[in-house]
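User: I'd like to learn how to read salt bridges and a ligand site in a model like this one. Can you walk me through it?

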Amino acid sequence: MPEVKLEAWLEETRQFAPSPAFAADANAQPGIYEAAISDPAAWWRTQAYRLVWDQPPTQTLEWDSPNARWFGDGTLNASVNCVDRHVAAGRGDKVAFHWVADAEGDERTITYRDLLSMVSQTAHALTELGVQKGDRVAVYMPMIPEAVVAMLAIVRVGAAHSVVFGGFSADALASRINDSDCRFVVTADGAFRRGSISPLKPAVDEALASCPGVKSVLVVRRTGAEVGWVDGRDHWWHDVVERQSTTHLPEFFEAEHLLFLMYTSGTTGTPKGIYHTTAGYLVGAATTYFNVLDAKPESDVSWTAADIGWITGHSYIVYGPLINGMTQVLYEGLPDSGGQDRWWRIIEKYGVTVLYTAPTTIRMLMKWGEDIPRAHDLGSLRLLGTVGEPINPEAWMWYREHVGGNRCPIVDTWWQTETGTMMIAPLPGITATKPGAAMRALPGIGVDIVDNDGNSVGNGEAGYLVLTAPWPSMARGIYGDPERFRSTYWSRFPGRYFAGDGAKRDENGDIWLLGRIDDVMNISGHRLSTTEVEHSLVGHPAVAEAAVVGASDELTGQAIVAFVTLKQSALVDGDDQTELIESLRRHVATTISPIAKPRQIILTPELPKTRSGKIMRRLLLDVAEHRSLGDVTTLTDPTVVNMIATLMTSHSANDD
Ligand code: WTA
């Protein structure tokens, strides 16, 4: 059961009533919860009319746990919903994206009409390269408009995208490509990050050495860096896309047609391809974006500061906002590309009204100091959101005061790659907010908090978060592994979805998230499993055994601490040890991603194990978080853990 750290805050917590000014004009109006609770399926059926359909559905839900079909007899095209419909309705000149490059001064404005032309050309290009309905296409791209265009063009022709975050290594890319048998890759020569180039095409080339199934690679020229080329396989975007017709007649697909795969970490070593289908996912994205981020397409300039390589980018940069016809900022760089005030300058320049980001970023901005936002006019902002990890009340208050001018509601949104869209969040204008609480299940979503036996726990008690009823944007499976889908999510409490998070309700019944209860770590909002990092470390020739824990970290939420025993032949001391630790950290970065680099690696002669040979990760976590050690009597050798604690304090953190 998760440890409850929020007790003190709950006692004296401050609560912010819904702002009357906001409420008057909010999309979500009182009565919405009641309407949804009385008949959730009927409520979702009305939300389905946010989409444009070729064949409107007459069916709502068929449910045979864990298999759901939503709006099963409807047909539609996802890219038509995001783009064509707005042009057809006379909104072609409306800006879809203000794209802001990493480098100062490099900006592009893309209207819905431009977007339609680009998506149409790319759809033709993909068809010319051989992409067909039902194919999977990997996307490994920087945050440039072509990334969004590629996603929309892929789904327009009935294929599915599998976007791999550009920060993942060649190995990680290769395993994702092979797991879902992608035949095509869309990439760029490289990405700009704070002015320097991080190569993408070279990583694709390296990955493809072990992906014999890939037939074609489409490459956007972004950095101009020289890249390797395989004739016949590799194609420049500007050669293939730009000569195509700017009109494209879309086909329509079934509601349950595969829309995309998104790989995410679970408790085992291999990331799983979470499987989302078309109509239900789009209904969820459109509805939550409308109600929670209070979409006002006529007047908003929205900015979801996330990467399209993660689910947040899929649901709240691409599908949710585009279906709602929003104008958005799409930003390529880091929060401090061009200075620590870059974000505030972007908000000021474009008049950003809705900002949605992650607690880890808020903590970083907070560390840089409030003088930086104070020097800018952030008066255009009217609503703030957060996602990705529990937000600590201090960061929440800072966000409210120094970014939102004590005027903007904050929506803390809990959801997952698997849920597709937001599940627990306040509705601005209706729900009161509390610093650190995600508050309430959204309309149409059933949430409970249960004990080991699946019984609801009372207010004030921590338990396992479960979702009690199917919802439209729920994952339909794990690609190629239906059994893993059932056993991971639907068997712990049969018929209910097991989220893997701990939660509690406070005395008013409002929901607080307490973090993961399994071996999934959350590093700066990025999900990684301890096993994944352990596998990588054990893959290094010097390593005999490794145990990894996610220790709490002020800035990144959790940070990776690894305890490693070396093979006899690899034992070293002194400077050689420092060098070896560095090479282990590099090894993890190249086999998974720089995000997965351990903050600290402790070389130890042994790991603490129970008599049955299980590594005691709980104890290692205590060591990593410098807590006093509890009961160690079940260990084969209790002295081992004390020795590790001593080693831990003698090694300084080997962070970058
Ligand atoms: C965590 C990101 C607390 C949680 C959209 C979940 C959160 C995991 C919140 C999913 C939040 C996400 N408060 N915890 N508001 N949002 N999480 O799949 O542990 O990358 O299970 O999806 O992030 O991460 P994922």
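**Salt bridges and the ligand shell**

Analyst: Let's start with the total: the rule for salt bridges gives a count of 35. That rule asks for a side-chain nitrogen of Lys or Arg within 4 Å of a carboxyl oxygen of Asp or Glu. Keep in mind that this is a predicted model.

User: Which residue forms a salt bridge with Glu 104?

Analyst: Arg 342 does, and the closest N and O atoms are 3.9 Å apart. This pair links distant parts of the chain: Glu 104 sits in the loop between β4 (95-100) and β5 (107-111), while Arg 342 belongs to helix α13 (residues 342-350), 238 residues apart.

User: Is Arg 342 buried or exposed?

Analyst: The idea is to look at relative accessible area, where buried means under 20%. Arg 342 comes out at 3%, so it counts as buried. Its partner Glu 104 has 44% and is partly exposed.

User: And what about a pair between two helices? Where do Glu 534 and Arg 617 lie?

Analyst: Glu 534 is in helix α18 (residues 530-538) and Arg 617 is in helix α20 (residues 617-624), so their salt bridge ties together parts 83 residues apart in sequence. The closest N and O atoms of Glu 534 and Arg 617 are 2.8 Å apart. On accessibility, Glu 534 is buried at 7%, and Arg 617 is partly exposed at 26%.

User: Now a pair within one helix. How are Glu 582 and Arg 585 separated?

Analyst: By about one helical turn, because they are three residues apart in helix α19 (residues 574-591). Their side chains meet in a salt bridge with an N to O distance of 3.0 Å. Glu 582 is partly exposed, with a relative accessible area of 28%, whereas Arg 585 is buried at 1%.

User: Which residues do salt bridges with shared partners join into one network?

Analyst: Glu 104, Asp 341, Arg 342 and Arg 345 are joined that way. You've met two of them already: Glu 104 and Arg 342, as a salt-bridged pair.

User: On to the ligand. How many residues surround the ligand, and which are the closest?

Analyst: A residue joins the shell if one of its heavy atoms lies within 4 Å of the ligand. Here 17 residues surround the ligand, and the closest are Asp 412, Thr 413, Thr 417, Asp 501 and Arg 527. By type, the shell divides into six nonpolar, six polar and five charged residues.

User: Which elements each supply at least two residues of that shell?

Analyst: Those are α12 (311-323), β20 (410-413) and β25 (511-516).

User: What lies 2.7 Å from a nitrogen atom of the ligand?

Analyst: For polar contacts, look for N or O pairs within 3.5 Å. One answer is a backbone N or O atom of Thr 413, 2.7 Å from a ligand nitrogen. The side chain of Asp 412 also has an N or O atom 2.7 Å from a nitrogen atom of the ligand. For Glu 389, a backbone N or O atom lies 3.3 Å from a ligand nitrogen. As for cover, the ligand taken alone exposes 530 Å², and the protein buries 96% of that.

User: One last residue: where is Asp 371?

Analyst: Asp 371 is in helix α15 (residues 371-374). At 54% relative accessibility, Asp 371 counts as exposed. You can also compare sequence with space: Asp 371 and Ala 358 are 13 residues apart along the chain, and 21 Å separates their C-alpha atoms.

Note on methods: Residues are numbered from 1 along each chain as its sequence is written. This is a predicted model: local features need pLDDT of at least 70, side-chain atom pairs count only at pLDDT 80 or more; totals for chains, interfaces and linings use all residues. Side-chain values use heavy atoms; hydrogens and water are left out. Helices (H or I, at least four residues) and strands (E, at least two) are DSSP runs, numbered from the N terminus. Buried means under 20% relative accessible area, exposed over 50%, partly exposed in between (1.4 Å probe, protein chains only). A polar contact is a pair of N or O atoms within 3.5 Å; within protein, one must be able to donate a hydrogen and the other to accept it, and residues adjacent in sequence count only if both atoms are side-chain atoms. Accessible areas come from the Shrake-Rupley method with a 1.4 Å probe; for residues, only the protein chains shown count as cover. Ala, Val, Leu, Ile, Met, Phe, Trp, Tyr, Cys and Pro count as nonpolar, Asp, Glu, Lys and Arg as charged, and the others, Gly among them, as polar.
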